[in-house]
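Here's an informal walk through one protein model, meant to be read with the viewer open. Have the chain on screen and follow along.

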Amino acid sequence: MPHSKDITSLLQGLNDDDKKLIEKAYVFAEKAHEGQKRNSGEPYFNHVFETAKILAEFGMDAKTIVAGFLHDVLEDTPTPETELEKEFGKEIVTLVNGVTKLGKMKYTGAERHVESLRKFFMAMANDLRILIIKLADRLHNIRTLQYVKPEKQKRIALETIEIHARLADRIGMRKLKGELEDAAFPFLYPKEYEETEKILEANSKSNQKELDLVTNEIQKTLKEQGVNIIEISSRAKHKYSLWMKVKRYDMNIDRVYDIVALRVIVDDIENCYRVLGIIHGLFQPVPGRIKDYIATPKRN
Ligand code: MN
């Protein structure tokens, strides 16, 4: 049967049984949500499709992708749990039920509740896949937040920053954390968002040029010294975290040292310190700015 959406990217690298299971979930979810619309006017199915796609991009296993397709079926359609279990088994039902339960937790901004809510999320997600599905669900919802009623936007944006992004950080999904924050940022603090955009724009050209030069030089030197590099890459800082930092430094952008960052990945700790030594030979370190997160790891 032809699909309304291209699912090839969701099936990459999976065996035939897994592919079949995902196709089955696709068809099941599309039928279950038939006729339902999102605030944007598009079919509701698009949301669960995008959630499943995000999970595939994370590299999650087939069952998690399947649960992504089915995550709103018990909550938002008349489908009985027994039918879901008959078609997809107990494990999928457990995942879907877990996501549904997490969806019932709402954060409204009371500061004293925030940490206990985060703890609750972690405890509820006794299977970490449940939390990851919830985070993928939220990522798609926050990407489409412009279609939600304005009075609801702020609450959802705040919850995303205070709960979902923080949990993504806690389980080591740093890129997802940045994406969640940056998507929520303009809804929660529109003026500040605009200012941050301006700061980034003013710095972006010179920063990129500098970064390219430095990357080349480091790459060349490491090669000469015979260091095996797994990966060398650079990035601009995410908008929300840049804003938080500028704020912490009394709005003085010159005190923010990591608008851009460069990362060198090597295969062991010994090489890591060796690379650090070589880089310090090329560029003089700023006193008091060196942090060793190997010797003293961060919580995340
Ligand atoms: Mn959902």
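What follows goes from the overall build to the metal site, then to salt bridges, surface patches and a few residue pairs.

**Overall build**

First things first: this is a predicted model. The protein chain has 300 residues, and 41% of them are buried. Its secondary structure comes to 14 helices and two strands. Lay the C-alpha trace along its principal axes and you get a span of about 65 × 45 × 35 Å.

**The manganese site**

Which residues hold the manganese ion? Two histidines and two aspartates do the job: His-47 and His-71 each use NE2, while Asp-72 and Asp-137 each use OD, with distances of 2.2 to 2.3 Å. Read along the sequence, the donors follow the pattern H-x23-H-D-x64-D. His-71 sits in the loop between helix H4 (62–70) and helix H5 (73–76), whereas Asp-137 belongs to helix H9 (residues 128–143), so this pair ties together parts that are 66 residues apart in sequence. Are His-71 and Asp-137 buried or exposed? Both of them are buried.

**Salt bridges**

The structure holds 16 salt bridges. Three of them are worth a look one by one, and here they are with their N-to-O distances.

| Pair | N to O distance |
|---|---|
| Glu-162 and Arg-118 | 3.3 Å |
| Arg-143 and Glu-179 | 2.7 Å |
| Glu-159 and Arg-155 | 3.2 Å |

Start with the side chains of Glu-162 and Arg-118, which meet in a salt bridge. This pair links distant parts of the chain, with Glu-162 in helix H10 (residues 150–170) and Arg-118 in helix H8 (residues 111–124), 44 residues apart. Glu-162 is buried, and Arg-118 is too.

Next up is the salt bridge between Arg-143 and Glu-179. This one also links distant parts of the chain: Arg-143 is in helix H9 and Glu-179 in helix H11 (residues 174–188), 36 residues apart. Why does Arg-143 count as partly exposed? Partly exposed covers the range between 20% and 50% relative accessible area, and Arg-143 has a relative accessibility of 40%. Glu-179, at 28%, counts as partly exposed as well.

The third bridge stays inside one helix. Glu-159 and Arg-155 both lie in helix H10, four residues apart, which is about one turn of the helix. Their accessibility falls into two classes: Glu-159 counts as buried at 3%, while Arg-155 counts as partly exposed at 23%.

Beyond these pairs, there's a network to trace as well. Asp-61, Lys-63, Glu-91, Asp-127 and Arg-129 are linked by salt bridges.

**Surface patches**

Now turn to the outside. Which residues make up the patch of positive charge on the surface? Arg-174, Arg-248, Arg-255, Arg-263, Arg-289, Lys-291 and Lys-298 gather there. Arg-289, one of the patch members, is found in the segment after helix H14 (269–282). With a relative accessible area of 32%, Arg-289 is partly exposed.

There's a nonpolar patch on the surface too, formed by Ile-269, Tyr-273, Leu-276, Ile-290 and Ile-294. Together these residues have about 430 Å² of accessible area. Leu-276 is placed in helix H14, and at 37% relative accessibility Leu-276 counts as partly exposed.

**Two pairs to check by distance**

Finally, two buried residues and their C-alpha separations. How far apart in space are Thr-196 and Lys-239? Their C-alpha atoms are 6.5 Å apart, although the two residues are 43 residues apart in sequence. Thr-196 lies in helix H12 (residues 190–224), and with 1% relative accessibility Thr-196 counts as buried.

Ile-142 and Gly-98 are 44 residues apart along the chain, and here the C-alpha atoms are separated by 20 Å. Ile-142 lies in helix H9, the helix that also holds the manganese donor Asp-137. The relative accessible area of Ile-142 is 2%, so this residue is buried.

Terms used: Residues are numbered from 1 along each chain as its sequence is written. This is a predicted model: local features need pLDDT of at least 70, side-chain atom pairs count only at pLDDT 80 or more; totals for chains, interfaces and linings use all residues. Side-chain values use heavy atoms; hydrogens and water are left out. Donors are N, O and S atoms within 2.8 Å of the metal (3.2 Å for Na, K and Ca); water is not among the atoms, so sites may look incomplete. Buried means under 20% relative accessible area, exposed over 50%, partly exposed in between (1.4 Å probe, protein chains only). Patches are made of residues with over 30% relative accessible area and no salt bridge: like charges are joined within 9 Å, nonpolar side chains (Val, Leu, Ile, Met, Phe, Trp, Tyr) within 5 Å. Accessible areas come from the Shrake-Rupley method with a 1.4 Å probe; for residues, only the protein chains shown count as cover. A salt bridge is a side-chain nitrogen of Lys or Arg within 4 Å of a carboxyl oxygen of Asp or Glu. Lys and Arg count as positive and Asp and Glu as negative; His and the chain ends are not counted. The place of a charge is taken as NZ of Lys, CZ of Arg, CG of Asp or CD of Glu.
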